[in-house]
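Student: I should like a close look at a single part of this model and at what surrounds it. Please give one connected account.

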Amino acid sequence: MTGSKVQELVIISGKGGTGKTSLTASFAVLADFPVLADCDVDAADLHLILAPTIRERHDFRSGNEAIIRPAECIMCGKCFDLCRFDAVMPGGEGEAYTIDPVACEGCGVCVRFCPAGAIDFPEALCGEWMISETRCGPMVHARLGVAAENSGKLVSTVRSEARRLAEENQHGLVIVDGPPGIGCPVIASLTGTSQALVVTEPTVSGEHDLERVLKLTRHFGIPTAICVNKWDLNPAMTERIESLALRSGASIAGRIRYDNAVTSAQMLGKAVVETEAPSAADIRLVWTSLGLQKEEKEKS
Amino acid sequence: MKVAFTTSGKTLDAPMDPRFGRAAGYIIYDMDNETFETVDNQQVLNSAHGAGIQAAEAIVRLGANCVVTGNCGPNAHRALSSAGIQIYKTQAETVAEALEAFRAGALTPLNSANVEGHWS
Amino acid sequence: MIIAVASGKGGTGKTTVSVNLARTVGRGIQLLDCDVEEPNAHLFLRGSESGSDIISIPIPEVDESLCDACGECGRFCRYHAIVSFGTSPLVFPEMCHSCGGCALVCPRGAIHETGRRIGVVETRESDGVTLVQGRLDIGVAMAPPLIRAVKARMKNNGTTVILDAPPGTSCPVIATLRGSDFVLLVTEPTPFGLHDLQLAVDMVRELAIPFGVVVNRMGVGDDRVHQFCRVQEIPILLELPDDRRIAEAYSRGELVVDALPEYSSHFATLLWNIKEFRNAGGNAP
């Protein structure tokens, strides 16, 4: 059976703003010819460091949206009564009802039960995904439409396209920049992966959110490592967090110090490891500790 | 009796695809007539949602009685089982090898999902 | 007035602004923590818990004695949450959006709805601030139904309500912001901050709600965010400096206005600025 030998590293955080994307960019530089996947589809930032040249664009269509044809609306209000998502808005006196596309979840109930058959149900264009080239390797990324639904589905698409590219072109590793939180986009980034890395920070919020995200990775049985970013902001909290991680069955990949040079690198459009920033040494240690692509390195 | 093999190709020499829900396609082998048809799974792959369930629906529509694959996630397994379709696990490299193993009764039945779903 | 605090980028300081603004307004204010995946406000506004409710969403359950396996439910469902293979239908609860459609289309009336637990809503009182938060169960994919349950507990008694939104621009944030009177977008003056602010601005304009910006960690980057706001005529209603003491207080779970009282006036001014801006007509189309 031609099983896949492609490794995958998914970088998540629970709490937002801990430094996932900065770290992903540095790992992209340190890795040996990886495929990058930016799965933080509603606030994608990896491209600001990796400067991709877009080679392919694809529409992302998912689900449907209901649209009332005003001339045929008989203003009976049946759609309003049935809609569970508060998406139907009555018109003014003698005016047709309308559907708020932001609230509509594309369930089709109003379409089915409109007595006048006055509701169209086209497929929804929710955004687009792109395949690009960067100085580190190919990158799959996406843009979700404003206020669009189905971010989890777009994440799945980005991830599976990255895997396909890796298999077709013999890349050994896919690095995924994941979204914050624990909901559907994160679940779509994580399921079936071989290694997760949680980037956290030494704060009560970081600790609280780490506990929840570790429960999630345990729920899916995913081997998980953590690293505390800006660790010297609160060394006592760093130790508490590392103990929490170990008790949860996660491993410690390292610590990264608080470093103003991280923002300077970002402003220059460089990954931290492409500069002389003091924290670059910490990042290299974390990468080494993850032990990915060891086999490839031994071969070459 | 019809047996569905998950594959990325169109002939019996084609490699087996280890995934069920996200397989590139299927070869449906008719054991009584010794003929087969190839089916593309592109629509399921494009949908990026509920792939396991949709793939199971496709297999049912095609009239297959068994599925031979490498990995099957929980949603697909539940759906196939409810439709009375037996799932077998194989590590054979090609469809032809898997078919021989199936004929010889050498394949292990998969009585529950053996991989996590992808929530897609 | 309902004020939502959001941002495109995570970690910019939404919760910092929400909890410190709530403490500054003080008695009678309601703070609704709508970041149900990772609720943090309670770490800063400690108090006694006064209520906890389990929240469930309706999912279909099939009465097999009435079902004739016609398959209509499976054909209707857009989410592959109910499928029929010629036998009694299978339900996949985690896919279900609770639209109620399958129960409506079933010709035999064989489908009724039962509850599936998705999380809890907890209420606590902290020195006159009423804090309502949602906590999504681990492994549950969809946040919006729980966010709606949190917002349903809002009391419409004329007091100010603050909604602490999750990061990003997709459906959980939309569910939080809908129906708000004003949105504060919190950002930082860096490339990531500006990029995600632009996405958030597009989102809020789509929702047609008046909004303003809070720039946190002033000095850590450059003036690109200020330039953007100037060109777009977006008011900057508060600036907080890149003060390591603020970061340290935050890391300990302390309110900025308690640890560093010199910042109280910042948040009082923020509230005043919001009211003034709204009274002057705001910027929603």
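Tutor: Two strands pair if DSSP finds at least two bridges between them. By that criterion, S11(A) and S12(A) are joined by five bridges and run parallel. Within this pairing, A:Leu197 has A:Ala225 of S12(A) as its bridge partner. The model is a predicted one, and the part examined here is helix H7 of chain A with the sheet beside it.

The sheet is open and has nine strands of chain A, in the order S3-S8-S9-S2-S10-S1-S11-S12-S13, with mixed pairing. Strand S3 (53–64) and strand S13 (251–256) of chain A each have a single partner strand and stand at the edges, so one side of each is left without a neighbour in the sheet. On average, neighbouring strands are turned by 20 degrees against each other, direction ignored.

Helix H7 of chain A covers residues 204–219. Its 16 residues reach 23 Å from the first C-alpha to the last, close to the 22 Å expected at 1.5 Å a residue. The buried residues of H7(A) are A:Ser205, A:Gly206, A:Glu207, A:Asp209, A:Leu210, A:Val213, A:Leu214, A:Leu216 and A:Thr217. An α-helix has 3.6 residues a turn, so residues three or four places apart point the same way. Among the buried residues of H7(A) are A:Leu210, A:Val213 and A:Leu214.

These buried residues pack against several elements of chain A: strand S1 (7–12), helix H6 (184–190), strand S11 (196–200), strand S12 (224–229) and helix H8 (235–247). They also pack against helix H1 (14–25) of chain C. After H7(A) comes A:Gly221, whose phi is positive, near 65 degrees.

Two further helices of chain A meet the sheet. Helix H1 (residues 20–30) of chain A lies across S1, strand S2 (35–38), strand S10 (173–177) and S11 of chain A, and runs at about 160 degrees to S10(A). Helix H10 (residues 279–290) of chain A packs on the sheet and touches S1, S11, S12 and S13 of chain A; the direction of H10(A) makes about 165 degrees with that of S13(A).

As for the setting, chain A comprises 11 helices and 13 strands, and its C-alpha atoms fill a box of roughly 70 × 45 × 45 Å along the principal axes. Of the 300 residues in chain A, 56% are buried. Among contacts in chain A with a separation of 6 or more, 75% join residues 24 or more positions apart.

Note on methods:
Residues are numbered from 1 along each chain as its sequence is written. Chains are lettered from A and ligands numbered from 1 in the order in which they are written. This is a predicted model: local features need pLDDT of at least 70, side-chain atom pairs count only at pLDDT 80 or more; totals for chains, interfaces and linings use all residues. Helices (H or I, at least four residues) and strands (E, at least two) are DSSP runs, numbered from the N terminus. A residue is buried if 20 or more other C-beta atoms lie within 10 Å of its own, exposed if 12 or fewer, and partly exposed in between; C-beta atoms are placed from the backbone. Two residues are in contact if their C-beta atoms, placed from the backbone, lie within 7 Å. The expected span of a helix is 1.5 Å times one less than its number of residues. Axes are lines fitted to C-alpha atoms, for helices over the stretch in contact, and angles run from 0 to 180 degrees between N-to-C directions.
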